[in-house]
Amino acid sequence: MGKIIIVYASLTGNTEEMAELIAEGVRSAGAVADLKMVEDCNAVRLLEYDACLLGAYTWGDGELPDEFADFVDEMKELNLAGIRAAVFGSGDTSYRLYCAAVDELEQRLREFGAVIVQPPLKVEYGPSPEEKVLCREYGASFAHSLGALHRP
Ligand SMILES: Cc1cc2nc3c(=O)[nH]c(=O)nc-3n(C[C@H](O)[C@H](O)[C@H](O)COP(=O)(O)O)c2cc1C
């Protein structure tokens, strides 16, 4: 079913919690999930995997966290054509642009040639018990969608 890299930015732990739950879901579906904080990961690592999940909290006025700037610049230089991807993250609905960083990541991935295989997963603050289930299901369905692609 493949090897999936999950790269995320998280300041206060909410997106990190989502990333860990999504990784659990990926593993429950029988795939490999490697979790990396974006500040510790060069985008060239994406090329070692069958698919990627990128996650970010939203900062400023609907902005991508600064920690993602170098990673996005590095992604520009890569050939991501056809790589399977999806995005997730935490935000706060009291801000004008709820989870805008998640949408920006998805847009960037599309620009760089990735194929988005499922809609973004957005959570306000940390995941509630119901949202924890959704996070695990998100990882599992992502892994299953890759498996389906490889079936004859
Ligand atoms: C200065 C500041 C600006 C923020 N701007 C936004 C925003 O524009 N949109 C949004 O949805 N959330 C915004 N947030 C909320 C964070 O994204 C939210 O608290 C999130 O849960 C943090 O995730 P983390 O625990 O992974 O760091 C902002 C938070 C701070 C402190």
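Which residue's side chain meets that of Glu24 in a salt bridge? The partner is Arg136, and the N to O distance is 2.7 Å. Keep in mind as you read that this is a predicted model.

## A bridge between two helices

Let's stay with that pair for a moment. Glu24 belongs to helix H1 (residues 14-28), while Arg136 belongs to helix H4 (residues 129-150), so their salt bridge ties together parts that are 112 residues apart in sequence. Glu24 is partly exposed, at 39% relative accessibility. Arg136 is partly exposed too, with a relative accessible area of 34%.

## More salt bridges

Searching the whole structure turns up eight salt bridges. Another one joins the side chains of Lys122 and Asp103, at 3.0 Å from N to O. This pair also links distant parts of the chain: Lys122 sits in strand E6 (residues 121-124) and Asp103 in helix H3 (residues 100-111), 19 residues apart. Lys122 has 31% relative accessibility, which makes it partly exposed, and Asp103, at 34%, is partly exposed as well.

Now for a pair inside one helix. Glu106 and Arg110 form a salt bridge, with their closest N and O atoms 3.3 Å apart. Both are in helix H3, four residues from each other, or about one turn of the helix. Is Glu106 buried or exposed? Glu106 is buried, because its relative accessible area of 13% falls under the 20% cut-off. Arg110, with a relative accessible area of 49%, is partly exposed.

## The annotated domain

In the UniProt record, an unreviewed entry, residues 4-143 carry the annotation "domain: Flavodoxin-like". Across residues 4-143, the chain is 36% helix and 23% strand. The C-alpha atoms at the two ends of that stretch are 8 Å apart.

Ala31 is worth a look here. You'll find Ala31 in the loop between H1 and strand E2 (32-37), and Ala31 is buried, with a relative accessible area of 6%. In sequence, Ala31 and Gly147 are 116 residues apart, yet in space their C-alpha atoms are 9.0 Å apart.

## Cysteines without partners

How many disulfides are there? The count is zero. A disulfide is a covalent bond between the sulfur atoms of two cysteines. For Cys41, the closest cysteine sulfur is that of Cys52, and at 9.9 Å it is too far for a bond. Cys41 is buried, at 6% relative accessibility.

Cys99 is in no disulfide either: the nearest cysteine sulfur belongs to Cys135, 11 Å away. Cys99 is buried, with 1% relative accessibility.

## The nonpolar cores

Time to look inside. The largest nonpolar core has 30 residues, and Leu54, Phe68, Phe71, Met75 and Leu109 have the most contacts within it. The elements that each give two or more residues to this core are strand E1 (3-9), strand E3 (51-56), helix H2 (69-76), strand E4 (84-91) and H3. Which of them gives the largest share? That is H3, with four residues.

Try picking out Leu54 and looking around it. Setting aside neighbours within four places in sequence, Leu54 is in contact with Val7, Phe68, Phe71, Met75, Ala86, Val87, Phe88, Leu105 and Leu109. Apart from the largest core there is another, of 24 residues, including Ile4, Tyr8, Ala143 and Leu146.

Definitions and conventions
Residues numbered from 1 in each chain as written. Predicted model: local features only at pLDDT ≥ 70, side-chain atom pairs only at ≥ 80, totals over all residues. Heavy atoms only, no water. Salt bridge = Lys/Arg side-chain N within 4 Å of Asp/Glu carboxyl O. Buried < 20%, exposed > 50% of the residue type's maximum accessible area, 1.4 Å probe, protein only. UniProt positions renumbered as here; feature names shortened; annotations may be inferred. Disulfide = S-S within 2.5 Å. Core = buried A, V, L, I, M, F, W, Y, C linked by side-chain atoms within 4.5 Å. Contact = heavy atoms within 4.5 Å.
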